[in-house]
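Visitor: Please take a close look at the charged side chains of this protein. I would like one connected account, with distances and exposure where they are available.

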Amino acid sequence: MTQKAQPKMEQSEKRLKKQLRVCVATCNRADYSKLAPIMFGIKSHPEIFDLEVVVLGSHLIDDYGNTFRMIEQDEFDIGSKLHTIVRGEDEAAMVESVGLALVKLPDVLQRLAPDILLVHGDRFDALALATAAALMNIRILHLEGGEVSGTIDDSIRHAISKLAHYHAVCTRSAERHLISMCEDHSRILLAGCPSYDKLLSAHQRDYYIDIIKSWLGDAVKEQDYIVALQHPVTTDIKNSIKIYELMLDALISFNKKTLVLFPNIDAGSKEMVRVMRRKGIEQHPNFRAVKHVPFDQFIQLVAHAGCMIGNSSCGVREAGAFGTPVINLGTRQTGRETGENVLHVRDADTHNKIYHALELQFGKRYPCSKIYGDGNAVQRILKFMQTIDLSEPLQKKFCFPSVKECISQDIDHILETQSALAVDLGGTNLRVAIISMKGKVVKKYIQLNPKTFEERIELILTMCKQAMADAVHLNCRILGVGVSTGGRVNPQDGIVLHSTKLINEWSSVDIRTPLSSALHLPVWVDNDGNCAALAERKFGHGKGIENFVTIITGTGIGGGIIQHNELIHGSTFCAAELGHIVVSLEGPECMCGSHGCIEAYSSGLALQREAKRLHDEDLLLMEGMTVNNKEQVNAIHLIDAACLGNSKAESVLHTAGTALGLGIVNILHMINPSLVILSGVLAAHYENPVRQVISQRALLSAQDTKVMVSELEDPALLGAASMVLDYTTRRTY
């Protein structure tokens, strides 16, 4: 090595070891709840990052709780405190506050000289921060850009996005919005919301009862109180004050213990406080009015509330992580992605509409929603910051024209595969799989299905938790859980109404709630026949076909119907019980109690019954065939015998194929699909007999219907996964 080369290498190593100087600026209690997890993450890696904290805005105002103290309690060193709020709580005061911040910020930013400034959200204080940093050539990482909420916040948020150099967004829709705003998609990280990193573990803690008592009194129980948090809408102050007054009237009438938080510092807040005091809320025995609740305690209060009401983003975002019912009032969050736990009251002339909403929502629980995060946002953001090349030109480049299609993440260090957890509850085995968006089975887990309900649920949870842990190492992002099970299922509520005889103790069972609560994931449940149809629609022969039918030929006979691209469930969730189409008035008895069903002729159990009958009469085995004493005669023996020329076995299979064909002819005449897909272990043996029956018995207009054998190896698992993948990617990240 030359002497000249050695100093160059040392300089290069020094550059690599140089700490990344990150300035986090927080303006209020709300943005600190999102920034704090990142700050803790930065602080835990002093060898990589050098953290500087700047506090400004309402943090430093006594009327709003002097919330800078909670930053100090978290043991962060506050490098600068900037008093930037001009009091008045009207539009002019907001503008003056931005101007005051712009006057004070340059000295601080020049002294700190950060490599990166973290700016959160859509507040006017944040706009001042982004403006100052952009003009001073400081790189800006904007958190939670690209979202839509329907107020002046939208304009501020998008303005900050245009000033920012890098973006960490919460949802797939937000990512799309930024791309359509001409932001460079290679500088957009789909991270999820940082606060969710704490939320998803907070729900498991057992000290929440003490928190509830400390804020609402000893007599208040879990899910028997309300959290109210309403802010002014600066573009429609008069109407937002009216709705606030109606909300308080409705809460007084509803007569439940309620924690009311003071509104934020936006224009109109002073008038809202006057309304609250005029109604005597601070002295009312049912109310506790407070200026600030520490975030760790606040999320416990929200998690265990009977309902949350108001227009805070916490209601449409964080509350969904717990399944807490929410009533969103007015227009402040219009456009936000929400889980099914949110009931919107866009406008109200009297308090009756809000009161009825309280009656509908109070005390309900909903599946956990991960629309805004999966608990891994901070580690993604820290990793993302480390990839920022400080030697790159600072000048932003915009991508014109705007991108219409969704562009998936392609940041080198994040190559996560969007995936689903699929659960198949069979009569013998319980199977769980991680399945990717393209239908690849990434990893599969199989266990014998326990006999009792309690053991079964416990095993499902154990297997799912193992799969979720493995998914992290396999670089898979789990979006939700899909469950395929036998029997009649109410997919709207995630309840198995009636199980098959093969799965005991599995009737009137709510599968969704225990899985969603334990795994913190949305859960979908459906019948295995319907799942097979969904699998074909997404991954198989049914892809792009508007109307088709899937027939499962296995232990039983089932199936699913796709009509106009949608799965048909029926009024009592009994549609597509195709195995119980009657093809003979005097046929053999079926497991359903009827006679002459397709399943009584063509199912694996029916063939096994006939195989045993022939074997008992010494009419089954052919030369070269043997059956051990310990081995149970089954359908495969019957098929093998038929292939070797056993006329009795051939006759049984012919009858079975004809019965299935007749049932399918009835289906063709009823719903006229363009395709019939045969699935399951017996499908290949029935393909030709079914085609023959259709050509002989179907109406001329239906004789050209295609009959195909499925090429999918795991239709039940793939169908369970498709419920997750289709729904979540339609509206979430």
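Guide: What follows goes through the salt bridges, then a patch of charge, then an annotated acidic residue. The model is a predicted one. In the whole structure, a search finds 34 salt bridges, and buried residues make up 56% of the 733 residues in the protein.

Take D154 and R157, whose side chains meet in a salt bridge at 2.6 Å, N to O. Both sit in helix 6 (residues 152-163), and because they are three residues apart there, about one helical turn separates them. D154 is buried, as is R157. Another salt bridge joins the side chains of D374 and R380, at 2.8 Å from N to O; these two residues are buried as well. Salt bridges with shared partners also link K34, E144, E147, R317 and E318 into one network.

The pair R277 and E282 also forms a salt bridge, with 3.0 Å between the closest N and O atoms. R277 has a relative accessibility of 46%, so it counts as partly exposed. E282 is partly exposed too, because its relative accessible area is 33%.

On the surface, D90, E91, E96 and E271 gather in a patch of negative charge. Of these, D90 lies in the loop between strand 3 (78-82) and helix 4 (91-112). Its relative accessibility is 33%, so D90 counts as partly exposed.

Last comes D528, which the unreviewed UniProt entry covers with the annotation "active site". D528 is found in helix 18 (residues 528-539). With a relative accessible area of 29%, D528 is partly exposed.

Technical notes: Residues are numbered from 1 along each chain as its sequence is written. This is a predicted model: local features need pLDDT of at least 70, side-chain atom pairs count only at pLDDT 80 or more; totals for chains, interfaces and linings use all residues. Side-chain values use heavy atoms; hydrogens and water are left out. Patches are made of residues with over 30% relative accessible area and no salt bridge: like charges are joined within 9 Å, nonpolar side chains (Val, Leu, Ile, Met, Phe, Trp, Tyr) within 5 Å. Accessible areas come from the Shrake-Rupley method with a 1.4 Å probe; for residues, only the protein chains shown count as cover. A salt bridge is a side-chain nitrogen of Lys or Arg within 4 Å of a carboxyl oxygen of Asp or Glu. Lys and Arg count as positive and Asp and Glu as negative; His and the chain ends are not counted. The place of a charge is taken as NZ of Lys, CZ of Arg, CG of Asp or CD of Glu. Helices (H or I, at least four residues) and strands (E, at least two) are DSSP runs, numbered from the N terminus. Buried means under 20% relative accessible area, exposed over 50%, partly exposed in between (1.4 Å probe, protein chains only). UniProt positions are given in the numbering used here, feature names are shortened, and annotations may be inferred rather than shown by experiment.
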